[in-house]
Amino acid sequence: MTALPPLIITACDPLVTPLISTGSSVPTDQIVADTVREILDSIAAGAAITHHHGVYTYTPEQGYRIDEKATNATVSGVRSKTDAVIQMGGPIANALPRQEGQQILSRMWKEAPLDMISVIADNIEFLNLGLRKGCNREETKIGLRFLREQGVKPEFEIWQMGGLWTLKYLLKETGLEPPYWVEFLHGSEGAAWSPATPEETLHRAAYLPEGCLWHVNAYTAPKGKLTPEEHTRFLTEIILRGGHVRIGKEDRPELASGQEARSNAELVDHIAWIARKLGRKIATPAEARKMLGLKAR
């Protein structure tokens, strides 16, 4: 029997308080410190990748506005303590296709270099949250070419089978080099819905281009309908079948039904414990970097 590769665990956004609301009583420095602590605790629990959205503000008039100084402080705070892979999404990823956004990101990354950024290759929808976003292939190509220039690796979000066609198109058009890191998403309510089952996941995996590594996420309330127990069973099946996983309060606020998770680290430790009991080694940040073709830190 072929040995399974070390399990790469991604800890998603800890949701400490990355969004500074108008009139917030939480100082920005405290937001940064809490976010860095949550991330470092998750890495100590077994995560090799941290995914978060930076620090930003939102108003209906101006939309999302990245707080460059605070976001750089979170990246630098994590980077100073660990070689874990730092990946970002949300407003950071949304800035990729625009010239103004690229100027902001280029300026930020000179001070606080990033390893990875999430790129959507499907239309997405969270019907119950009122969130919809379409994949504009031309804009995505612009963003990917900018990432290549900046030395930042994309993570491709695949929400449905059609996203695999887009992925192959984007790889052909942009000339990106493998290995490619692909995330299969499951369970968002709306037109992007797909079942959180190994069969659905492996069906997508069978059509991946050569050179891809893949991992999964799925949603409990409020983003989806899985219970925490169903979420655990799904990730466990994926671990047994050789895939990699993502977990954290962004996807799953509860450790068990009716029991809120105390932290991202508690959720990471939960799934890492299961993986070890199943005989699956947990990838260190250095091992994950090697598997993903990222330079050592």
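Let's start with a network of salt bridges. Five residues are linked in it: E183, K223, R246, E250 and D251. One word of caution before we go on: this is a predicted model.

Take one link from that network. E250 forms a salt bridge with R246. The closest N and O atoms are 3.4 Å apart. Are these two residues buried or exposed? E250 has a relative accessible area of 10%, so it counts as buried. R246 has 3%, so it is buried too.

How many salt bridges are there in total? The count comes to 18. Let me show you two others.

The next one is E138 with K141. Here the closest N and O atoms are 3.3 Å apart. Both residues sit in helix 5, which covers residues 137-150. They are 3 residues apart, about one turn of the helix. Now look at the cover. E138 is partly exposed, at 46% relative accessible area. K141 is buried, at 6%. The cut-off explains the label: buried means under 20%, so K141 falls in that class.

Then there is E287 with K281. Their side chains meet at 2.7 Å, N to O. What about their exposure? E287 has a relative accessible area of 26%, which makes it partly exposed. K281 is at 45%, and it also counts as partly exposed.

Now the barrel. Which strands build it? Eight strands close up in the order 1-3-6-7-10-11-12-13, with parallel pairing. From one strand to the next, the twist averages 30 degrees. Helix 5, the one that holds E138 and K141, packs on this sheet. Helix 5 touches strand 7 and strand 10, residues 153-158. The direction of helix 5 makes about 165 degrees with that of strand 7.

Let's stay with strand 7, residues 116-120. On one side, strand 7 runs parallel to strand 6, residues 85-88, and 2 bridges join them. In that pairing, Q87 stands opposite M116. Strand 7 also pairs with strand 10, again in the parallel sense, over 5 bridges. There, I120 stands opposite E157.

How many residues of strand 7 are buried? The answer is 5 of 5, so to speak a mostly covered strand. Which way do the residues point? M116, S118 and I120 point one way. I117 and V119 point the other way. Residues on both faces are buried.

Now step back to the whole chain. It has 10 helices and 15 strands. The radius of gyration is 18 Å. For 297 residues, the globule rule gives 19 Å, which is close, so the chain is as compact as a globular protein of that length. The C-alpha atoms fill a box of roughly 50 × 45 × 40 Å along the principal axes.

What share of the chain is buried? Buried residues make up 55% of the 297. The accessible surface comes to about 13,400 Å², and 52% of that belongs to carbon and sulfur atoms.

One last number, on contacts. Count the contacts with a separation of 6 or more. Residues 24 or more positions apart account for 75% of them.

To recap: E183, K223, R246, E250 and D251 share a salt-bridge network, and 8 strands form a closed barrel. Helix 5 packs on the sheet at strand 7 and strand 10.

Note on methods. Residues numbered from 1 in each chain as written. Predicted model: local features only at pLDDT ≥ 70, side-chain atom pairs only at ≥ 80, totals over all residues. Heavy atoms only, no water. Salt bridge = Lys/Arg side-chain N within 4 Å of Asp/Glu carboxyl O. Helix = DSSP H or I, 4+ residues; strand = E, 2+ residues; numbered from the N terminus. Buried < 20%, exposed > 50% of the residue type's maximum accessible area, 1.4 Å probe, protein only. Pairing = 2+ DSSP bridges. Axes fitted to C-alpha atoms, helices over the stretch in contact; angles between N-to-C directions. Contact = heavy atoms within 4.5 Å. Rg over C-alpha atoms; globule rule 2.2 N^0.38 Å. Areas by Shrake-Rupley, 256 points an atom, 1.4 Å probe, with all protein chains shown as cover.
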